[in-house]
Amino acid sequence: VREHVLHVELHRPDKRNALNAACWREMVQCFQGIARDANCRAVVLSGAGKLFSAGIDLMSFGEELVLQGEDTARRAWNLRQTIRDFQESFTVLEKCPKPVIVAVHGACIGAGEQETRGDAGRHGVTGGFTGSSRCPLAGVDLI
């Protein structure tokens, strides 16, 4: 059974697994590949180090959101496209046809918490806490 379960790990423990632009792009590529992998039957998503994720890496995120364009309309369009690209890193988890088990430990803040959300087929294993008191892990069964 283990050979059919893939383990995907957020691996930036020195940054508390804060999500930078490279991570967001790689998440899309990774889960698109998993969706096509006939040998994969399930996926476990975890974070290296002391916690699952501290959320967005604000230092790297600021660099990504430098508004480009000659006028306000072009800058707004480019910002919209950047945000859509970032959102795809979360949507790709929902689109994955394989069960995704999110193993949350320690803190799970902001964008990290967003990764744990999904449709009714997703499950989270937690020994930690989330950063949202308003909407705790919507759509995720905690085991």
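## Overall organisation

Among contacts in the chain between residues at least 6 apart in sequence, 62% join residues at least 24 apart. The model behind this figure is predicted. The chain contains four helices and seven strands. Read from the N terminus, its elements follow the order β-α-β-α-α-β-β-α-β-β-β.

The chain has 143 residues, and 37% of them are buried. Its exposed area is about 8,400 Å². Carbon and sulfur atoms supply 54% of that area.

## The main nonpolar core

In soluble globular proteins, nonpolar side chains tend to be buried together. Here the largest nonpolar core holds 23 residues. Phe31, Ile34, Val43, Leu45, Phe52 and Val100 have the most contacts inside it. Five elements give two or more residues each: strand E1 (5-10), helix H1 (21-36), strand E2, helix H3 (72-95) and strand E3. Helix H1 provides the largest share, seven residues.

What does Val43 touch, beyond its neighbours within four places in sequence? Its contacts are Leu6, Val8, Phe31, Ile34, Lys98, Pro99, Val100 and Ile101. Phe31, Ile34 and Val100 from that set are also among the core residues with the most contacts.

## Strands E2 and E3

Strand E2 covers residues 42-47 and pairs with E3. The pairing is parallel and runs over four bridges. Within it, Val44 stands opposite Ile101 of E3.

In a regular strand the side chains alternate between the two faces of the sheet. Strand E3, residues 100-104, shows such an alternation. Val100, Val102 and Val104 point to one face and are buried. Ile101 and Ala103 point to the other face and are not buried.

## Where H1 meets H3

Two aromatic pairs are counted in the model. One of them joins Trp24 and Phe86 in an edge-to-face arrangement. The ring centres are 4.1 Å apart, with 85° between the planes. Trp24 belongs to helix H1 and Phe86 to helix H3, so this pair ties together parts 62 residues apart in sequence. Both Trp24 and Phe86 are buried. Together with Phe90, they form one aromatic cluster.

Val28 is another residue of helix H1. Its relative accessibility is 14%, so Val28 counts as buried. Not counting residues up to four places away in sequence, Val28 touches Glu88, Ser89 and Val92. The C-alpha atoms of Val28 and Phe90 are separated by 8.1 Å, although the two residues are 62 apart along the chain.

Ser89 sits in helix H3. Is Ser89 buried or exposed? Ser89 has a relative accessible area of 1%, which is under the 20% cut-off, so it counts as buried. A polar atom of the Ser89 side chain lies 2.7 Å from the backbone oxygen of Phe86. Leaving aside neighbours within four places in sequence, Ser89 is in contact with Trp24, Met27 and Val28.

## The loop between E1 and H1

Most residues other than glycine have a negative phi. Which phi does Arg16 have? Arg16 is not a glycine, yet its phi is positive, about 55°. Asn17 also has a positive phi of about 55° and is not a glycine. Arg16 is in the loop between E1 and H1, and so is Asn17.

Their accessibilities can be set side by side. Arg16 is partly exposed, with a relative accessible area of 42%. Asn17 counts as buried, at 1% relative accessibility.

Asn20 is also found in the loop between E1 and H1. At 16% relative accessibility, Asn20 counts as buried too. Its side chain reaches the backbone nitrogen of Cys23 at 2.8 Å. With neighbours within four places in sequence left aside, Asn20 is in contact with Arg12, Asp57 and Ser60.

Definitions and conventions:
Residues numbered from 1 in each chain as written. Predicted model: local features only at pLDDT ≥ 70, side-chain atom pairs only at ≥ 80, totals over all residues. Heavy atoms only, no water. Buried < 20%, exposed > 50% of the residue type's maximum accessible area, 1.4 Å probe, protein only. Pairing = 2+ DSSP bridges. Contact = heavy atoms within 4.5 Å. Areas by Shrake-Rupley, 256 points an atom, 1.4 Å probe, with all protein chains shown as cover. Core = buried A, V, L, I, M, F, W, Y, C linked by side-chain atoms within 4.5 Å. Polar contact = N/O pair within 3.5 Å; in protein donor to acceptor, adjacent residues only side chain to side chain. Phe/Tyr/Trp six-rings, centres within 6.5 Å; stacked < 30°, edge-to-face > 60°.
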